[in-house]
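Q: I'm new to this structure and would rather get to know one part well than rush through everything. Please pick a single spot, take a close look at it, and walk me outward from there.

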Amino acid sequence: ARYTADELAPHYGLTINEISFAIGSDMFTSVTAKIYEGGSYGNPGTLVYDRDVTADIVVGDYTVHTLNTPVALVEGNEYWVGYEVVATGDHPAGTDDGPMVADKGAWMYFNNAWALLPELAATLDYNWAISATTMGTDNVARQIGHNRAVKEVLPTTTTNAALESLVHEYTASSRLERPLDGFVIYANGEEIATVTSDVTEWS
């Protein structure tokens, strides 16, 4: 997933602390989380984060990886966030339902070159299910991602706030066949409530 200056403007000066991505099947031997810095169209730039996350993969759902070393976002640079998967069959990499975010959401290293999925096959009009979360000194987590609406996680002192402002909107691909049951609400790291998916406000 390619993130350019327009999306990263509110995040410059912060650090990427967490990335999440969906793996839809167990047909792989390894998965490595990767972040690139300073790229451009068709070129991700310099690899600045590279971590084997195979043992942490949650098949059929989002895997959330907390970076061992957060990546600082330098103003003016674009960043590519993703993973390398060594597949043994099927198509383990998860996607949303599309359409593809032009030039950004569907890059793949294929036959020794970077290409967008629709360039490989016109029917592949969707985005990889990948997002990143940034954090600043205010301890507010902010999500960037193509396959879901951008949401901000408010500080835990906030009350009477709509749930859609408290949690990341869940729009995982229907290909994963995982319906949303509800939300778990935390304050200061402790679970304080559980609500169903049809509840949009909580106080």
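A: Glu84 counts as partly exposed, because its relative accessibility is 38%. Its side chain has a partner: Lys34 forms a salt bridge with Glu84, and the closest N and O atoms are 2.8 Å apart. In sequence the two are 50 residues apart, with Lys34 in strand 3 and Glu84 in strand 6. Lys34 is a different story from Glu84 when it comes to cover: it counts as buried, since its relative accessibility is 13% and the cut-off for buried is under 20%. Keep in mind that this is a predicted model.

So let's stay with strand 6 and look around it. Strand 6 covers residues 79-87 and pairs with strand 1 (residues 2-3) in the antiparallel sense, over two bridges. With strand 3 (residues 28-40), strand 6 also runs antiparallel, and here nine bridges do the joining. You can see both partnerships at Tyr79: Tyr3 stands opposite Tyr79, and Glu37 stands opposite Tyr79 too.

Now zoom out a little. These strands belong to an open sheet of four strands in the order 1-6-3-4, with antiparallel pairing. At the edges are strand 1 and strand 4 (43-52), each of which pairs on one side only. Strand 4 is joined to strand 3 by eight bridges, and those two run antiparallel as well. If you'd like a residue to find there, Ile35 has Tyr49 in strand 4 as its bridge partner.

Ile35 is also a handy way into the nonpolar side of the story. The largest nonpolar core has 33 residues, and among those with the most contacts inside it are Ile35 and, back in strand 6's residue range, Val81. Strand 6 is one of the strands that each supply at least two residues of this core, along with strand 2 (15-23), strand 3, strand 5 (61-72) and strand 9 (130-135). The largest share, five residues, comes from strand 3. As a general point, nonpolar side chains in soluble globular proteins tend to be buried together.

Phe21 is another of the residues with the most contacts inside that core. Leaving aside its neighbours within four places in sequence, Phe21 is in contact with residues including Val31, Tyr62, Tyr83 and Ile130.

Next, look at the residue just before Val81. Trp80 belongs to one aromatic cluster together with Tyr36, Tyr41, Trp107, Tyr109 and Trp114. Across the structure, the count comes to six aromatic pairs. One of them is Trp80 with Trp107, a tilted pair at 5.2 Å centre to centre, with 35 degrees between the planes. That pair links distant parts of the chain, as Trp80 is in strand 6 and Trp107 is in strand 7 (residues 107-110), 27 residues apart. Are these two buried or exposed? Both Trp80 and Trp107 are buried.

Between strand 6 and strand 7 there is a loop, and that brings us back to charged side chains. The whole structure has five salt bridges. In one of them, the side chains of Glu7 and Lys104 meet at 3.3 Å, N to O. Glu7 is in helix 1 (residues 5-8) while Lys104 is in the loop between strand 6 and strand 7, so this pair, too, links distant parts of the chain, 97 residues apart. Asp6 joins in as well: Asp6, Glu7 and Lys104 are linked in a network of salt bridges. Lys104 counts as buried because its relative accessibility is 13%, whereas Glu7, at 23%, counts as partly exposed.

For one more example, Arg142 forms a salt bridge with Asp138, with the closest N and O atoms 2.5 Å apart. Arg142 is buried, with a relative accessible area of 16%, and Asp138 counts as partly exposed at 40%.

Finally, here is the wider setting for strand 6. The protein has three helices and 12 strands, and buried residues make up 42% of its 203 residues. Among contacts between residues at least 6 apart in sequence, 62% join residues at least 24 apart.

Methods. Residues are numbered from 1 along each chain as its sequence is written. This is a predicted model: local features need pLDDT of at least 70, side-chain atom pairs count only at pLDDT 80 or more; totals for chains, interfaces and linings use all residues. Side-chain values use heavy atoms; hydrogens and water are left out. Two strands pair if DSSP finds at least two bridges between them. A nonpolar core is a set of buried Ala, Val, Leu, Ile, Met, Phe, Trp, Tyr and Cys residues joined through side-chain atoms within 4.5 Å. Buried means under 20% relative accessible area, exposed over 50%, partly exposed in between (1.4 Å probe, protein chains only). Contact means heavy atoms within 4.5 Å. Rings of Phe, Tyr and Trp (its six-membered ring) pair if their centres lie within 6.5 Å; planes under 30 degrees apart count as stacked, over 60 as edge-to-face and the rest as tilted. A salt bridge is a side-chain nitrogen of Lys or Arg within 4 Å of a carboxyl oxygen of Asp or Glu.
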